[in-house]
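Me: Could you walk me through part of a structure? I'm new to this, so plain sentences would help.

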Amino acid sequence: MTRCREHLRRYVALAGLCTFAIFGEGATGQSAPQPSSGECIPGGDCEPMPASARAYAAMCELELGVAPTVDCGAGVLIPITVDGVEVFEDPGLHECDKASLQVGDCMPGSSLQRYQGRNADGTPKPDTVWISFCRHDGRDTAEYDVPDSVQLIGYNYETGATCFFESGDNSPWTHVDETNRLLGVLPGPDEPGFDQAYVVPGVQCVRCHQADPFNHNPWIKSARLPEDPRQPVIPVIPGPNPPYYVVGGPEWDMRTIHIDGNGCLGCHRIGMETVAEYTGDHWDPNEHMPPHDPGSLAADYEELVECWTNGPENTPGCDWVIPPAGECDGGVVGDNYPYASERFNGGTGDGGRSSGGRWRRPGC
Ligand code: HEC
Ligand code: HEC
């Protein structure tokens, strides 16, 4: 693991100026140096994600400390209500007051937990936060039973380093109780079972966890921190342009669209893929954003939709940007950003649930 750190130092020393403007022709039309010379890779020249979740947890430890050992029963329940009354049976998709914005799931019994970062020697790691999500899934159809899941996200506020752990086969450790709540204690990262309970992401989680590591919406926000109910369990990352990169995922597509002066971007980046996921489940940005005066930035939102629909390549004043990360500044990237996803951000892939698949990248 220290290997990564050494690599980073050596890399930064060699590369000199850390800039992302190396992916060729920028949207401004200025030519830029060749990709081989100065590409700033956040986290250094680390290995790609290993195949096993335990090995990945070890790789993440350098930036994020030790991944938490999850006890679903110790988390905060996400309450499900119908007409303001809490229910403990699944009322059906979209049939509750605040549904999950993944398919409108209203299944009760999911929970969230927030953990302060912790080093292997037990000392606190205050720059880091972890979230666990025990999801009692209600998205089943006649053809397909979506299993209950336990997922993890770790985030380093200073560097932007992020690790995602997808749910594996957690069934040996989990069960659902009589109130429909998903319970169970999962293996920790030092136990062999960690490799069964969790897996390394097989898809780019940033497709929807796009603006920053954490998704916020009325369902997920209704779980509040017991010690401070003014705060949701899921942290709200401060600032309009926080650092963000994925450990072992230098090839993940980190782009979002940017328009200088757009009011919606005054508080946070916006993942238009996430917006597509939300609007597909009846979340209207103008009913929720900006939080203090919903609807007041409708024109700014419209401007983003225009750019998203036509592509930044065809929209003067609108650019693809990537977040700052570690030693790297981020900023505008040009048309030949090498990590443009085939599956999202305007790619030609499965775009099924995404409104963003309508334009093709130049050269495709
Ligand atoms: C298709 C979109 C999509 C993808 C891809 C996706 N997520 Fe999510 N995720 C969501 C949404 C939306 C929420 C908010 C809860 C909800 O409405 O269901 C969420 C919430 C979460 C949460 C709770 C914390 C939070 O950010 O709110 C975790 C943990 C999580 N996802 C893990 C993952 C991991 C790990 C991956 C990649 C393997 C992943 N997700 C990929 C859409 C997605
Ligand atoms: C004054 C600050 C502010 C402005 C301006 C603002 N937002 Fe937000 N937005 C927030 C905060 C805070 C959250 C997260 C917590 C929450 O949902 O309340 C958020 C969350 C979101 C999310 C949830 C997705 C995610 O990644 O967590 C979307 C989508 C979003 N905003 C879109 C918009 C749009 C579109 C506009 C312009 C119409 C806008 N916002 C303007 C503060 C703002």
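**A helix and its sheet**

Reply: Let us begin just past the end of a helix, bearing in mind that this is a predicted model: α8 is followed by G311, which has a positive phi, near 90 degrees.

Me: OK, and where does α8 lie?

Reply: Helix α8, made of residues 298-310, lies across β14 and β15, and its direction is at about 125 degrees to that of β14.

Me: Does its length make sense, I mean, what span should α8 have?

Reply: With 13 residues at 1.5 Å a residue, α8 should span 18 Å, and because its end C-alpha atoms are 18 Å apart, the model agrees with that expectation.

Me: Which residues of α8 are buried?

Reply: The buried ones are Y301, E303, L304, C307 and W308. They sit on the same side of α8, because they cover an arc of only 155 degrees around the axis.

Me: And what do they pack against?

Reply: These buried residues pack against the strands β14 and β15, and also against α6 (272-279) and α7 (285-288). On the face turned away from that buried side, α8 carries the exposed residues A299 and E302.

Me: Switching to the sheet, what order are the strands in?

Reply: The order is β14-β15-β16, three strands in an open sheet with antiparallel pairing. At the edges are β14 (256-259) and β16 (331-333), each of which pairs on one side only, and from one strand to the next the twist averages 60 degrees.

Me: How many bridges join β15 and β16?

Reply: There are 3 bridges between β16 and β15, the strand of residues 318-322, and W320 stands opposite V333 in β16.

Key:
Residues numbered from 1 in each chain as written. Chains lettered and ligands numbered in written order. Predicted model: local features only at pLDDT ≥ 70, side-chain atom pairs only at ≥ 80, totals over all residues. Pairing = 2+ DSSP bridges. Helix = DSSP H or I, 4+ residues; strand = E, 2+ residues; numbered from the N terminus. Axes fitted to C-alpha atoms, helices over the stretch in contact; angles between N-to-C directions. Contact = placed C-beta atoms within 7 Å. Expected span 1.5 Å × (residues − 1). Buried ≥ 20, exposed ≤ 12 C-beta atoms within 10 Å, placed from the backbone. Arc of directions from axis to C-beta.
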